[in-house]
Amino acid sequence: MATFRDNWPYTGVITREKFLFNETRLTAQLQLKGMTDEQIIEKVVSENLYQYPTNRMLRSMARTCLKRLAALGDSNLIKALATAPVEVAKQIDLYAMMCQYHLVWDFMITVIGEKYRTNNLTYGHIDLNVFINSLQEQHDNVTKWSDSTIKRIKRELNHLLIENDYLDSLKSTKLNPVIISPILEKAIKDNGDKVALIAFNCFD
């Protein structure tokens, strides 16, 4: 079950680990076949399933995808990520990232979710700047992020929004009214994570 933890650190690893939808979906499909984590890693590497240039990158990202699936903690969501229509599976991958990264969790709830809650769908660079500045004021490790790291983090957060149709493009200045998939809504409620629903424009 995904829950907030006091020792859940803010990191900038999404600049490296990214959305990884195709990789995570493929990894979920291998899990459904009953393969162990090590078997999955070896298959990814031996067959270059992610189409990466080095074995080291393949192993690293395979482990990341396995951790993301583990963060979901829900076999029904993993099955849906593997087999559901792309738009549903992408939404589950986004939720998995929320469960995996404190940064994504807070951004989706305190920035995007609040936009929907207050019916203020305007969105732009200022929202990202306010979000990052707030983190820097509260967390010493965030103040150590370089300008280039912050720039990449902002780019990846926007990429998550575009991949899930919150935004039409990087030039968009307004959020789209997204609709949560029923399977994800049920899983979030069953997980006791109802606070996360706001990130998907859901207030039931």
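**Exercise 1. Helices α4 and α6**

Task: In this predicted model, find how α4 and α6 pack, and decide which word describes their arrangement.

Solution:
- Step 1. Two packed helices are described by the angle between their axes and the distance between the axes.
- Step 2. For α4 and α6 the axes lie 8 Å apart, and the angle is about 90°.
- Step 3. Angles of 65 to 115 degrees count as roughly perpendicular. So α4 is roughly perpendicular to α6.
- Step 4. Now list the contact. From α4 come Thr64, Lys67, Arg68, Ala71 and Leu72. From α6 come Ile92, Asp93, Tyr95, Ala96, Met97, Cys99 and Gln100.
- Step 5. Sort by class. The contact of α4 with α6 has 7 nonpolar, 2 polar and 3 charged residues.

**Exercise 2. Helices α6 and α11**

Task: Work out how the axes of α6 and α11 are arranged, and name the residues of each helix that meet.

Solution:
- Step 1. Helix α11 spans residues 182-190. Its axis and that of α6 come within 9 Å and cross at roughly 25°.
- Step 2. Angles under 35 degrees count as roughly parallel. Therefore α6 and α11 are roughly parallel to each other.
- Step 3. In α6, the residues are Val88, Gln91, Ile92 and Tyr95. They meet Ile183, Leu184 and Ile188 in α11.
- Step 4. By class, this contact of α6 with α11 has 6 nonpolar, 1 polar and no charged residues.

**Exercise 3. Asn191**

Task: Locate Asn191. Is Asn191 buried or exposed? Which side chain does its own side chain join in a polar contact?

Solution:
- Step 1. Asn191 lies in the segment after α11.
- Step 2. Its relative accessible area is 8%. Buried means under 20%, so Asn191 is buried.
- Step 3. The side chains of Asn191 and Tyr95 are joined by a polar contact of 3.4 Å. Tyr95 is also one of the α6 residues that meet α11.

**Exercise 4. Helix α10**

Task: Compare the reach of α10 with the expected value, then say which of its residues are buried and what covers them.

Solution:
- Step 1. Helix α10 runs over residues 147-163, 17 residues in total.
- Step 2. From first C-alpha to last, α10 reaches 24 Å. That is close to the 24 Å expected at 1.5 Å a residue.
- Step 3. The buried residues of α10 are Thr149, Ile150, Ile153, Lys154, Glu156, Leu157, Asn158, Leu160 and Leu161.
- Step 4. The cover over these buried residues includes α1 (14-17), α6 (86-100), α7 (102-117) and α8 (125-138).
- Step 5. Look just past the helix end. Asp165 takes a positive phi of about 65° there.

**Exercise 5. Positive phi at Gln51 and Asn201**

Task: Give the phi, place and exposure of Gln51 and of Asn201.

Solution:
- Step 1. Most residues other than glycine have a negative phi.
- Step 2. Gln51 is not a glycine, yet its phi is positive, near 60°. Gln51 sits in the loop between α3 (37-46) and α4 (55-72).
- Step 3. Exposed means over 50%. Gln51 has 63% relative accessibility, so Gln51 counts as exposed.
- Step 4. Asn201 is not a glycine either, and has a positive phi of about 60°. Asn201 lies in the segment after α11.
- Step 5. Asn201 has 25% relative accessibility, so Asn201 counts as partly exposed.

**Exercise 6. Thr110**

Task: Place Thr110, classify its exposure and find the backbone oxygen by its side chain.

Solution:
- Step 1. Thr110 belongs to helix α7.
- Step 2. At 43% relative accessibility, Thr110 counts as partly exposed.
- Step 3. A polar atom of the Thr110 side chain lies 2.6 Å from the backbone oxygen of Asp106.

Methods
Residues numbered from 1 in each chain as written. Predicted model: local features only at pLDDT ≥ 70, side-chain atom pairs only at ≥ 80, totals over all residues. Heavy atoms only, no water. Helix = DSSP H or I, 4+ residues; strand = E, 2+ residues; numbered from the N terminus. Expected span 1.5 Å × (residues − 1). Buried < 20%, exposed > 50% of the residue type's maximum accessible area, 1.4 Å probe, protein only. Contact = heavy atoms within 4.5 Å. Axes fitted to C-alpha atoms, helices over the stretch in contact; angles between N-to-C directions. Parallel < 35°, antiparallel > 145°, perpendicular 65-115°, else oblique. Nonpolar A, V, L, I, M, F, W, Y, C, P; charged D, E, K, R; others polar. Polar contact = N/O pair within 3.5 Å; in protein donor to acceptor, adjacent residues only side chain to side chain.
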